[in-house]
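I opened this notebook to record what I looked up, going from contacts between chains to the strands of one chain. Each entry begins with what I wanted to know.

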Amino acid sequence: MVEILKIEGLNKSFGDLTVLDGIDLSVNKGETIVVIGASGSGKSTMLRCVNFMEIPSGGRITLNGSAIGTASNGSVTYSEKELTGLRARVGMVFQHFNLFPHMTVKQNVMEGPKTVLKCSAVECSRRADKYLEKVGLGWKADSFPSQLSGGQQQRVAIARALAMEPEIMLFDEATSALDPELVGEVLLTMKELADEGMTMLIVTHELGFAYTVADRVLFLANGKILEQGDPESVLINPQQDATKNFLRGHGSFRLPEPNLD
Amino acid sequence: MGYEWDFGVVLRDFDLLLWGLVNTLKVTGLSLLFGVPLGLFLALWRLYGGRLIRVPVGVLIEFLRTTPPIAQLFWFFFAMPILLGIEIDPFQASVLTFSLQSSAFFAEVFRGGIVSIDNGQWEAAKAIGMDRNASLRRIILPQAVKRMVPAFLERAIELMKTTTLVGTISYADLLYEANNIAQSTYRSLEVFSLAAGMYFVVIFACSMGVRRLERHLGRTGETTTG
Amino acid sequence: MEHAWDFSAVFTNSYLLLIGLKNTIILAVVCLVLGLFFGLFVGAARYSTRIVFNWPATAFVEVFRNTPVLVQIMWFFFAFPIISPFDIDAFTAATLGLTLNTIAFSSEIYRAGIQSIHRGQWEAAKALGMNYTNQMRRIILPQAIRRMIPAFMNRAVELVKMTSLASVIAYGELMYQAKTISTIEFNPIEMYTSVALIFFVLIFPLTLFVQRLEIKSKGRG
């Protein structure tokens, strides 16, 4: 087993508000981890700390064996250059897609390889075609984002992240902004990625998806991992009262098989 | 009392007015050429500079925006040359003044355009490993500039109107020539009316162009949620 | 070459500058009051669908928005007296130019403000049996004016800056006084620097106030 990501003692506070309170997590290559929890539990912040969209207040993050940042006197400092390089190795998909509206679909996907990785034009184009094909949108390559449905836009966003050929993919409530009938196509794309062995860290409210796709489910509350394990033990037989309460609130939780097409 | 209009005398000097108009456009064009890029830098310094840059740049922008252009022109023409021990002619003083003055306004247009871009665009650029320069250059500015085009053109038109001041330091623009002709022909009514008409034709044509462009941009403007 | 700054002549002539400041403020206030007052009617005429009102108002607004204000002032000072039945001094010419300019710009602010009010407000007022004047005066304007205040303030700022143009036709406002003093005292550096500072002190608080208003009204949505 190869450990891709290690999080140790991760803390994050905004002013007086402590959002993450000592998170420890180890993610192995090819593992799919789903993070659930109420809003305000810190799950999105945890995800955003992994690629340093938010700078952690404390703790250490290690990617593929190399610790990020320079530790001295008990605190860790990060150089902008190091973080930029790190983000190129970690893919992220946002709730609101955030496609670049002034670029075509293909240009969106090529932008990272071209500007950040300095790939050749041929290589950029090859990657764009490959990953657009993978999310089933090769035929939309020359469209603009505004001409796409929400589900299609999110699949392009996934292709954009994949084109960087990242070591791990982060999904931050990737289906929350979508109309219900468009959720399925995005979840299906994510499931295919998981099946192919991509390492994924997913924040979602889709418990059915978590149940079928996750290797491990984490339940976060008040900035701590309260409970974790395989989907069966966390989602069906939770031990903690907080987890039980949370699951009770999700009446629409469909078991065992979500609608994935 | 019937005033007898006589444009004959005035039209004899029409080529002078036309040359004046050319000079007006020259000052306007050069000031835009310097003012727009300078405005971009001022905006970036004001937004992202360290405290030691941000604050003075902010003060400079506000100062240029809130003092009358004629005071600035006189300062650069009458005061600055003595202060620096240099010589400056009316044309140079005009271009200098209006480049700086318009750059302050353009800076605010740039700044407004940049901050109007959704934060998600910055995040998406950051997430694929772009640093701030690359994000600005590739993602933020291309979108911002498109939104700013009408505001830019409106500012450019304002600038053209403001350049009428250069006559006060004897640079031969359209209004200056009109004033000269009026004094030599005693036909102020015809000359000033004609000059006003010429300004109107040029500026109105520009305004109509801007309005059409605005409607056009409004139609094709992105309506994406992303 | 190092310039030895000497502001003493600025202070010994400060009473002349105060006269200039007073004249600047008088000109600005007169033009603002007249401009905003008549601007309402021109704005209403622009909003009207009847050609007799709409066309002349539109022509007026376009002419004054699309010519430089200095040209307007000089036209009223040098050209207009020839056909005018009464005498035109520098103050009158400047007032005419700046007021008509302010009318043209403020009428557009009124128009945009009135247009921004939802049609349902007109209909509700009409349903209560109000006539047009009452609909406008009691229902539409009170709502619209609040939204227009930042734009009017910006206009006021522009107007104060524009009053300096009256110096070109020898109206004794601040800029003109400064020019006169500097030719007598040979101190253009100190004089024009002082005048720029005075204008800044006069106008900057206004712009700060506008910015705060705009932020506030944005917050209210």
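Before asking which chains touch, I noted that two residues are in contact if their C-beta atoms, placed from the backbone, lie within 7 Å. The model I am reading is predicted.

With that cut-off in hand, I checked chain A against chain C and found that no contact joins them, their closest C-alpha atoms lying 23 Å apart.

Which chains share the most contacts? Two pairs of chains are in contact, and of these I recorded chains B and C as the pair that shares the most.

I then looked at what each partner brings, and the contact takes 32 residues from chain B and 33 residues from chain C. On the side of chain C that touches chain B, I found that α3 (51-65), α4 (69-83) and α9 (188-220) of chain C each supply at least two residues, while α9(C) gives the most, with eleven residues. I also sorted the residues of this side of chain C by character, and they divide into 24 nonpolar, seven polar and two charged.

Next I turned to the strands of chain A, having reminded myself that strands of a sheet pair through backbone hydrogen bonds, either parallel or antiparallel. In chain A, four strands form an open sheet in the order β2-β1-β4-β5, with antiparallel pairing. Its edge strands are β2 (17-28) and β5 (66-67) of chain A, each of which pairs on one side only.

How many bridges join β1 and β4 of chain A? I noted five bridges between β1 (residues 3-14) and β4 (residues 58-63) of chain A, in the antiparallel sense, and A:Lys6 stands opposite A:Thr62 in β4(A).

Definitions and conventions:
Residues are numbered from 1 along each chain as its sequence is written. Chains are lettered from A and ligands numbered from 1 in the order in which they are written. This is a predicted model: local features need pLDDT of at least 70, side-chain atom pairs count only at pLDDT 80 or more; totals for chains, interfaces and linings use all residues. Two strands pair if DSSP finds at least two bridges between them. Ala, Val, Leu, Ile, Met, Phe, Trp, Tyr, Cys and Pro count as nonpolar, Asp, Glu, Lys and Arg as charged, and the others, Gly among them, as polar.
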